[in-house]
There are 2 protein chains.
Amino acid sequence: MTLHDEGPVGADALDRVTWALRRAELAVTALKEQRLRSLGMAAAHYSLLIAVHVDPGLAGAELARRLNVTPQAVASLVARLEGRGQLERRPHPRHRHVQELHLTDAGRDALRKADSVIAEIEQQITEKLGAKDTGQLKALLGQVTDAIQQVQPAGPLSRPVTLRKDGTPG
Amino acid sequence: MTLHDEGPVGADALDRVTWALRRAELAVTALKEQRLRSLGMAAAHYSLLIAVHVDPGLAGAELARRLNVTPQAVASLVARLEGRGQLERRPHPRHRHVQELHLTDAGRDALRKADSVIAEIEQQITEKLGAKDTGQLKALLGQVTDAIQQVQPAGPLSRPVTLRKDGTPG
DNA sequence: GGACGACTGTCAAACACTTGACATAATGCA
DNA sequence: TGCATTATGTCAAGTGTTTGACAGTCGTCC
């Protein structure tokens with residue numbers, strides 16, 4: 001199957017699954033960002049808070065892997081959320097060099113408000129698609145994720161990367 | 001429907017469509033970025049090149065709207081691609097202050113190589129899902145995009161936004 | 001016990017992007 | 001013709017993130 005070679009490049013480029021995927025994710029993210037903004041929270045903050053909420057005591061490095069960002073970015077976000085009193089850094093009982101992350105009451109409250117906004121968006125989608133199609137969409141998206149990670153297992157290589165000015169890999 | 005209130009926050013948070021959507025898009029983007037890196041190209045460059053390829057003579061501002069970034073970001077990308085000799089800025093025949101963007105032969109060549117990489121990833125997904133499910137996935141993703149843009153029409157408001165340090169909208 | 005390796009966290013620098021403001025040019029209307 | 005409006009493109013500054021390098025800590029193998 002080499003139909004994509006020799007053919008005019010952009011012929012089917014705008015009808016690909018990955019484009020539809022990107023457009024949908026872009027639209028959802030933009031809406032989330034807009035709605036969360038009125039709460040004074042960015043989407044990245046919400047993602048971090050809910051990750052810590054689901055797994056209390058998480059370390060920064062592990063959090064960075066789950067959120068697909070660098071430890072630096074996590075440290076920056078954590079510092080800000082800690083400054084707002086929504087997040088707390090405690091020393092790890094066993095590993096002294098590690099810092100456990102925990103939500104404060106204020107953090108739980110902010111997360112609750114933010115999550116209701118996210119849930120509302122989720123509901124709008126569910127209403128439009130119906131329960132059956134929503135379930136199938138989730139299943140298909142899971143298959144896509146599996147298909148990708150089957151080729152590229154989520155490891156140190158899948159960290160966010162950029163490119164230098166001259167085009168050489170950073 | 002207010003089931004999401006009062007309940008424990010993260011109970012169903014990791015089983016939402018928007019999460020599955022984000023995970024899938026993140027995985028696909030990471031793989032694209034990794035594969036394109038060996039060609040010395042970033043995903044943003046590919047997106048820009050193919051947009052110009054589909055609509056030659058595009059202006060920077062219009063391009064910015066399509067790519068969901070600011071004109072500044074486009075100008076930066078264009079300057080870099082122009083420096084590599086892959087993109088060309090010509091004066092607009094009628095509007096002197098506008099600059100048309102066109103691909104050079106080198107740009108077309110780079111785009112062809114990059115597109116074959118993207119098409120390969122697309123094919124891996126299509127193989128895994130099958131033609132029928134792939135079509136349905138595209139349709140469902142289109143419905144999601146429509147459902148979102150129905151609430152939040154793609155306009156000046158859907159531009160990329162950030163948040164200040166203090167949490168006030170930028 | 002001691003050395004090696006792996007992991008966590010932090011600092012300085014470079015890079016990318018957004019924001020805000022400004023100059024320029026074309027269109028619509030009085 | 002004159003003027004307001006709109007839109008493109010660019011400059012300067014602020015913000016966020018990645019990169020690269022480093023020190024500290026734990027576990028393991030010799």
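How many residue pairs are in polar contact across the interface of chain B and chain A? In this predicted model, the rule finds 15 such pairs, both residues of each being at pLDDT 80 or more. The legends below take you from a single chain to the contact between the two.

**Figure 1. Chain A on its own, with six helices and two strands.** Following chain A along its sequence, you will meet the elements in the order α-α-α-α-β-β-α-α. Of its 170 residues, 39% count as buried. If you like to think in contact maps, consider the pairs in chain A whose residues are at least 6 apart in sequence: 53% of these contacts join residues at least 24 apart.

**Figure 2. Chain B superposed on chain A.** A rotation of 179 degrees, with 0.0 Å of shift along its axis, brings chain B onto chain A with an RMSD of 0.1 Å. The two copies are therefore related as by a two-fold rotation axis. Both copies use the same surface, and 99% of the contact residues of chain B recur in chain A.

**Figure 3. The contact between chain B and chain A.** Chain B brings 74 residues to this contact and chain A brings 75. About 7,300 Å² of area is buried between the two chains, and carbon and sulfur atoms give 67% of that area. Looking at chain B, you can pick out B:Val9, B:Val17 and B:Arg37 as the residues that lose the most area to chain A; together they account for 9% of what that side buries.

**Figure 4. Salt bridges and polar contacts across the interface.** Six salt bridges are counted between chain B and chain A. For a close look at a salt bridge, go to A:Arg22 and B:Glu25, where the closest N and O atoms are 3.3 Å apart. The polar contacts, counted as residue pairs with both members at pLDDT 80 or more, come to 15 across this interface.

**Figure 5. The side of chain B that touches chain A.** Which helices of chain B each supply at least two residues to this side? They are α1 (17–37), α2 (43–54) and α5 (105–151). Of the elements here, α5(B) gives the most, with 28 residues. Sorted by class, the side of chain B that touches chain A holds 35 nonpolar, 18 polar and 21 charged residues.

Definitions and conventions
Residues are numbered from 1 along each chain as its sequence is written. Chains are lettered from A and ligands numbered from 1 in the order in which they are written. This is a predicted model: local features need pLDDT of at least 70, side-chain atom pairs count only at pLDDT 80 or more; totals for chains, interfaces and linings use all residues. Side-chain values use heavy atoms; hydrogens and water are left out. Contact means heavy atoms within 4.5 Å. Buried area is the accessible area (1.4 Å probe) that two parts lose on being put together, summed over both. A salt bridge is a side-chain nitrogen of Lys or Arg within 4 Å of a carboxyl oxygen of Asp or Glu. A polar contact is a pair of N or O atoms within 3.5 Å; within protein, one must be able to donate a hydrogen and the other to accept it, and residues adjacent in sequence count only if both atoms are side-chain atoms. Helices (H or I, at least four residues) and strands (E, at least two) are DSSP runs, numbered from the N terminus. Ala, Val, Leu, Ile, Met, Phe, Trp, Tyr, Cys and Pro count as nonpolar, Asp, Glu, Lys and Arg as charged, and the others, Gly among them, as polar. Copies are superposed by least squares on the C-alpha atoms of residues with pLDDT of at least 70 in both. Buried means under 20% relative accessible area, exposed over 50%, partly exposed in between (1.4 Å probe, protein chains only).
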